[in-house]
Amino acid sequence: MNRYRSGFATMSGAQSGRVGPALAERRLGPLSVRSAMKATIHHNPACGTSRKTLEILRESGADVTVNEYLKTPPSRDELKRLYDRAGITPHQGLRTRERLADMLDLAHVSETAVLEAMVDDPILIERPIVETEKGVRLCRPQDKVREIL
C-alpha cells in the first residue's frame, strides 16, 4: 500500500487489478487493433440510392473504395465474379429501366451477351454494387448493404 500525504491508504495499479498496456500485452499477448472493414462500391454519384448506400458505408466506419463505374467500368470477368459472388445472374444485375436495355432487347439474350453489353455501355449495370469480405450485394434498396457489414 502506498500512503499519500492525506494519510489515506491507496493500492497500486497492480493491486487494484488495473494494468497498463505493456503489462497487459505481456499477460495477454499483442494488443490487436481492430481495423475497419474494407468495402468497394461501384457507384454512380447521380443516383440517390447509390449516394445513400455510400453514406451507410461511411457511417458504419468501413474503409470505402469508391469506383465511379461509368468512368472506370469493371471488366467482363470482374462483373461475372461480382455477380457470382452475389448469387445473381447478369440479367438480374441489368438496369432494365435504362432505355438502351430495351433497344438492345437484352431481356431475350444470353448471359454472355448481357455482360458484353454492360462492358460496352456501363450505364446498363444496375447500381450500386458493394463488395466486402462478407459478400457482394446489389444494394436495391440501399439497406441491403447492411447484410454484408
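## A tour of the chain, its sheet and Met37

Of the contacts in the chain (heavy atoms within 4.5 Å) with a separation of 6 or more, 59% are between residues 24 or more positions apart. This is a predicted model, in which local features need pLDDT of at least 70 and side-chain atom pairs count only at pLDDT 80 or more, while totals for chains, interfaces and linings use all residues. Residues are numbered from 1 along each chain as its sequence is written, and side-chain values use heavy atoms, with hydrogens and water left out.

Colour by secondary structure to find 6 helices and 6 strands, which are DSSP runs numbered from the N terminus (helices H or I, at least four residues; strands E, at least two).

Next, select the open sheet, where 4 strands with mixed pairing (at least two DSSP bridges between two strands) run in the order β4-β3-β5-β6. Because β4 (63-68) and β6 (135-138) stand at the edges with a single partner strand each, one side of each has no neighbour in the sheet. Within the sheet, β3 and β4 pair in the parallel sense over 6 bridges, and His42 stands opposite Asn67 in β4.

Then show helix α3 (residues 48-59), which packs on the sheet and touches β3, β4 and β5 (129-132).

Finish at Met37, in the loop between α2 (21-28) and β3 (38-43); at 17% relative accessibility Met37 counts as buried (under 20% relative accessible area, with a 1.4 Å probe and protein chains only). Leaving aside neighbours within four places in sequence, Met37 is in contact with residues including Ala62, Asp63, Thr132 and Leu149.

Methods
Buried < 20%, exposed > 50% of the residue type's maximum accessible area, 1.4 Å probe, protein only. Axes fitted to C-alpha atoms, helices over the stretch in contact; angles between N-to-C directions.
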